[in-house]
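Trainee: Could you take me through one part of this model up close? I'd like to hear about the cavities, and above all about the largest one and what surrounds it.

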Amino acid sequence: MPFHLVRRQESGMGIRIMVPLFSVLLSLLAGAVLLWLYGHSPLIVYESMLKSAFGSYYGFSETLVKAIPLMLAALGISLAFRMKLWNIGAEGQIYMGAFAASGVALAWGQWSAWVLLPAMILAGMLAGALWAYIPGVLRASLQVNETLSSLLLNYVAILWVDYLVLGPWKDPKGLNFPLTPRFTENATLPTWGDSRVHLGLLAALLLAVILWVIMRRSRWGYEIRVIGESWDAARYAGMNISRNIVLVMALSGALAALAGVFEVAGITHRLQHGLSPGYGYSAIIVAWLGRLNPLAIVPVAVLFGGMLVGGYSIQTEGVPVSIALILQGLVLFFLLGGEVFLSHRLARNDKSEVEG
Amino acid sequence: MKRPTRKNLALMLLLVFMLTVVAGCADKKEESQTAPPAAGQELLVGFIYVGPPGDAGWTYAHDQGRKYLEEKLPYVKTIFQESVSEGADAERALNELAQKGCKVIFATSYGFMDSVIQVAPKYPDVVFMHCSGYKRDANVGTYFGRDYQPRYLSGLVAGKMTKSNEIGYVAAYPIPEVIRCINAFTVGVREVNPSATVKVVWTNTWYDPAKEKQAALSLIEDGCDLITQHQDSYAAQQAAEEKGVLAIGCDSDMHPFAPNANLTSPIFNWGDYYVRTVEQVKNGTWKSGDYWGGLEDGIVALAPISDKVPADVKQNVAAQETGLKEKKFDVFKGPVKDQQGNIKIEAGQTMSDQDMLALNWFVEGVVGTIPAQ
Amino acid sequence: MQNIWKCFPGVQANRGVDLCLLPGEIHALLGENGAGKTTLMSILAGMYRPDKGKIILKGQAVAFNSPQDAMAKGIGMIYQHFMLVPRLTVAENIILGDKRYPFWIRKKQLKTEVEKTIAHYGFQLDPDKKVSGLSLGEQQRVEILRALYRKSEVLILDEPTAVLTPGEARELFTILRQMADEGRAVILITHKLNEVMAVADRVTVLRKGEVVESLPISRVDSRSLTRTMIGRETRTNYRKLLEKDGSVALKVEALQVAGDRGELMVKGINLEAREGEMVAIAGVAGNGQEELLQALAGMRRATAGRVFLQGSDITRLTVRELLQRGVRMIPEDRMHTGLVGNLGVAENIILRDYQSPAYSSKTLLKSKHIDQVAKSLVERFTISTRDLISPIRLLSGGNLQRLMLARELLPKPALLLASYPARGLDVGAAEHVYALLDEARSQGTAILAVMEDLEEILQHADKVAVMYNGRLSPLIPTGEAAMDQLGAWMAGIDWPQEASPAVS
């Protein structure tokens with residue numbers, strides 16, 4: 001190899017903007033080659049992608065619709081990741097949140113929206129918190145690896161929801177199709193105009209700001225950051241690590257669960273199989289690309305949402321869905337691959353430097 | 001001095017690239033903005049598929065219909081979205097097709113029903129056609145084929161071809177549409193082989209090749225020597241092919257994917273119906289309603305029967321097919337008993353369309369349960 | 001090596017260094033921390049690439065792209081942190097990464113080959129033993145063996161005696177001498193003058209990235225070396241003894257503490273420290289000193305025994321409760337325990353007291369006030385930092401230690417626990433640290449310090465005890481302590497029959 005990597009001592013603001021930008025451009029170039037090989041015009045496809053995700057009122061509204069659950073789950077994930085708690089269980093927490101909110105909506109659908117919606121949110125967050133509390137407690141008390149336990153709980157949560165919609169909660173009028181009955185009007189979130197953008201967006205934005213303040217300015221956020229950097233230092237500072245592990249995991253789960261609550265209350269208006277197309281996993285990437293910074297997660301989630309919507313819509317240009325998925329994969333691949341250049345730079349293996 | 005210049009060069013290239021993209025976008029924008037009004041003759045028709053058109057089954061059949069439509073009506077241009085999940089995404093897809101200017105949108109899966117009903121009022125000028133559902137609106141129609149008819153015919157083949165007298169049925173969801181087909185098939189089987197039974201396994205998915213194949217393998221393991229399915233992929237057919245047992249496909253002719261195992265497939269021919277519907281919309285004669293065509297319309301049929309099947313069986317199938325086409329009899333003609341042996345349809349009676357659309361019990365000979373409602 | 005230049009962002013680590021190595025010599029590379037010793041040697045060993053300059057080996061210019069390159073040319077480096085795989089045996093570690101070996105290894109043949117080398121140098125090593133079961137001195141020998149095994153002509157050792165007992169160090173020097181006698185060139189990176197004088201043939205002193213002196217050992221003495229190393233005279237003794245004995249500040253009775261794996265690391269210790277007194281605990285690392293200090297600081301539970309601070313029982317108190325009573329601590333591990341490398345100066349200043357009303361309300365941090373405190377401490381303790389928020393991991397060891405001291409000494413401590421307070425610091429920085437400790441002591445703080453360098457102990461502490469295998473020797477006033485006896489105790493030799501209660 002004529003090049004080798006050299007560690008950067010510091011990465012300035014310019015680098016942190018240029019590297020991802022360059023990564024995206026490279027992925028677009030790679031995607032262009034692919035599209036061209038498949039006989040599509042890259043420019044037309046990209047234009048259509050861009051336009052359908054950001055270029056029209058409706059497209060942008062759909063982008064936001066996708067961004068809301070990504071944002072909330074990524075906020076939860078970022079909180080746990082800050083403490084180096086690898087909560088991979090956001091997907092399951094989303095389902096548990098959706099489950100609990102649906103339970104409230106189905107049982108007390110006649111309550112006024114002012115009572116019902118907060119009750120759904122509370123129940124959902126509680127369920128998500130409990131779901132994340134399990135790996136949290138296991139980690140804090142028995143050193144059980146939370147990556148695995150939280151991941152495995154995802155399957156339990158998804159299958160639990162499947163069981164409910166196929167069995168006890170199935171819509172009696174649904175002719176056996178795996179759906180719960182539709183929620184009452186009182187259990188649905190208000191939306192913006194005729195779009196599907198619901199109140200969850202405001203909640204997500206507000207939470208991003210609150211979380212940022214907590215992390216940057218609060219005593220508790222300081223504890224989280226110190227624990228995330230070094231357990232030894234935290235112990236030395238007299239911090240209660242176990243309690244914070246449990247607390248942070250629970251709050252992380254509650255935030256992710258909120259994504260599930262808003263999906264059922266704002267979008268599907270019922271509990272159903274396949275509620276989340278992997279939001280909980282995509283949110284990990286969103287949180288990571290947002291550098292675990294709550295305020296950065298907001299735009300990253302919107303861009304990610306745009307990528308999803310743009311990816312779907314280029315099908316109408318005749319691009320098969322699998323190619324669209326490859327394009328999305330390329331963007332992520334290049335973005336994550338480019339991460340190395342944030343901490344390293346490329347240098348030439350120039351022998352003359354040594355010899356001359 | 002080397003590095004800075006190289007960096008500048010890279011930056012310049014980048015800039016040029018970005019400018020090209022922007023310029024390209026700008027150009028196209030003008031074109032696409034002026035295009036639709038100019039092409040006033042053109043009629044845009046949208047399709048939403050639950051799976052990929054390459055599934056060689058349900059979605060493939062609809063996609064064949066779409067291509068047929070484009071071929072027959074030169075003024076029609078079609079666009080589609082594939083693999084749209086039956087939840088929140090369906091609404092997005094419907095909205096998008098409507099906003100792209102589609103005048104007719106075919107939503108081709110049962111689970112799109114509520115999304116169609118939700119979106120349709122926003123686009124009163126667009127005709128929404130929902131396949132296999134029962135909810136309608138001023139601009140929402142429903143359509144389907146009487147697929148239980150060819151299912152019954154395929155049962156006549158299966159009953160004669162099974163040796164173990166155990167037939168496996170890989171089924172998607174326990175909804176009336178699927179139950180109806182299982183019953184029709186079983187009626188056909190028992191008509192020619194009263195001691196045969198049909199074992200049903202639910203997968204709770206329309207399209208999941210891995211899961212479908214797994215279900216088929218477990219049925220074969222269980223002693224079934226003939227596998228049929230109500231799924232969108234041909235995975236169950238392949239399982240049968242691998243294990244050396246027989247199979248009957250569905251929705252499209254699945255023979256090419258399991259040339260040894262596959263005997264025949266009950267299939268859909270949506271093309272003619274799509275052409276008729278679009279013509280009605282174009283002429284302004286379209287009205288909301290329900291269409292449920294049978295063998296006589298050609299919307300459903302039985303694919304060519306394999307040479308493995310004896311000639312007398314083929315003759316019997318042909319005879320029954322003619323009978324059904326000429327409406328000399330029905331598939332569900334009394335006496336029909338349920339699994340417990342209770343008479344559900346008295347001798348001389350037939351089942352009404354209404355009952356068929358809400359079917360929630362298995363006929364005698366089916367082994368399996370329908371989850372409680 | 002000719003005209004070597006190496007620059008890291010913000011630091012010119014090497015500026016035009018020339019270094020000449022002869023076969024058969026032990027060459028000491030002396031310099032303060034940050035003088036560029038390790039950087040220079042890492043260039044020679046292929047870890048870094050020089051920005052400028054060249055390396056000439058046996059008359060030929062060479063360029064290394066990796067440590068493997070350098071290794072192939074016969075240059076081997078042994079770092080402070082050993083690069084061994086604990087779960088493999090000695091023999092397996094020795095051939096690890098050696099490309100001459102095929103994928104499948106004949107164990108028997110390998111063993112005899114390794115045994116031959118071991119016998120040649122008279123090492124006491126079992127090639128079949130797992131590295132995890134070896135002492136640090138033995139592990140170091142495995143590293144040396146590995147370098148020899150690859151036919152290294154040039155052997156670089158980075159501060160090799162830091163982890164060794166005086167006895168082990170002596171053994172190491174014998175081995176180094178033997179290797180030099182066989183025609184190899186040995187480079188010893190160190191900042192310990194006595195080692196240089198004891199073993200080196202020639203010494204090169206680096207200061208701020210430049211060579212200030214390169215002379216045969218016969219032409220230098222420790223005093224002149226110190227001067228060239230830090231560029232000025234040092235004060236030799238600044239200890240002000242208190243006129244009167246203070247009252248007992250810390251009293252430890254039969255204390256037992258378990259280690260991380262549950263094994264007993266502190267096996268019943270009695271100890272006293274008075275106000276205004278500095279008590280040093282000498283010993284080779286890993287004999288329970290760390291556990292003792294952690295237990296006293298509340299970071300580890302005592303399994304038995306009692307601890308008193310100014311007469312009141314503090315055995316079961318938490319870190320936070322101890323902090324409120326003025327028990328402060330300077331841990332051994334600056335970067336991961338005492339400080340948080342990715343946080344800034346200000347956020348490290350509040351690490352231990354972030355809950356105090358001065359730094360935070362019930363929920364929010366008082367950033368403005370914190371910054372003010374940090375700014376004043378930075379000035380008072382001459383901590384050179386760019387600002388208060390950039391990560392402190394880029395600061396030098398001396399700055400980090402001062403930062404930690406600034407924080408721990410801010411509210412006057414009743415008891416200061418210090419673990420290797422001057423470890424890894426250059427002479428100037430170490431001097432500053434001891435001056436600060438001295439100041440605290442003169443204000444009545446009792447100091448309990450775990451240290452390793454006997455010379456430093458005798459110079460700075462009032463009393464000393466040796467810790468070995470979880471037990472503590474009698475406490476001896478430093479004025480009456482003999483270096484030889486302390487050294488023997490550190491190695492567990494002539495251990496006093498009864499670990500009698502500490503004398504005060």
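Mentor: Sure. A cavity here is a set of grid points where a 1.4 Å probe fits but cannot get out. Keep in mind that this is a predicted model. Going by that rule, you get 6 cavities of 30 Å³ or more, and the largest has a volume of about 90 Å³.

Now look at who lines that largest cavity. Chain A brings K66, E263, T268, Q272, G274, L275, P277 and Y279, while chain B brings S85, G87, A88 and D89. Two elements give two or more residues each to this lining: helix 10 (241-268) of chain A and helix 3 (88-99) of chain B. Sort the lining by class and you find 5 polar, 4 nonpolar and 3 charged residues.

With both chains in the lining, let's turn to how they meet. Chain B puts 47 residues in contact with 35 of chain A, and the two bury about 3,700 Å² between them, with 58% of that on carbon and sulfur atoms. There are 9 residue pairs in polar contact across the interface, plus 3 salt bridges by the rule used. One to zoom in on is A:R270 with B:D114, where the closest N and O atoms sit 2.6 Å apart.

On chain B's side, at least two residues each come from helix 1 (2-38), strand 2 (76-81), helix 3, helix 4 (113-119) and helix 6 (176-192). Helix 1 of chain B gives the most, with 12 residues. By class, that side of chain B splits into 23 nonpolar, 13 charged and 11 polar residues. And helix 3 of chain B is worth a second look: it helps line the largest cavity and also supplies residues that touch chain A.

Definitions and conventions
Residues are numbered from 1 along each chain as its sequence is written. Chains are lettered from A and ligands numbered from 1 in the order in which they are written. This is a predicted model: local features need pLDDT of at least 70, side-chain atom pairs count only at pLDDT 80 or more; totals for chains, interfaces and linings use all residues. Side-chain values use heavy atoms; hydrogens and water are left out. On a 1 Å grid over the protein atoms alone, a cavity is a set of points where a 1.4 Å probe fits but cannot get out, and a pocket is an open set with protein on both sides within 12 Å along at least five of seven lines; lining residues have an atom within 4 Å of a point. Grid points are joined across faces, edges and corners, and a volume is the space filled by probe spheres set on the points. Helices (H or I, at least four residues) and strands (E, at least two) are DSSP runs, numbered from the N terminus. Ala, Val, Leu, Ile, Met, Phe, Trp, Tyr, Cys and Pro count as nonpolar, Asp, Glu, Lys and Arg as charged, and the others, Gly among them, as polar. Contact means heavy atoms within 4.5 Å. Buried area is the accessible area (1.4 Å probe) that two parts lose on being put together, summed over both. A salt bridge is a side-chain nitrogen of Lys or Arg within 4 Å of a carboxyl oxygen of Asp or Glu. A polar contact is a pair of N or O atoms within 3.5 Å; within protein, one must be able to donate a hydrogen and the other to accept it, and residues adjacent in sequence count only if both atoms are side-chain atoms.
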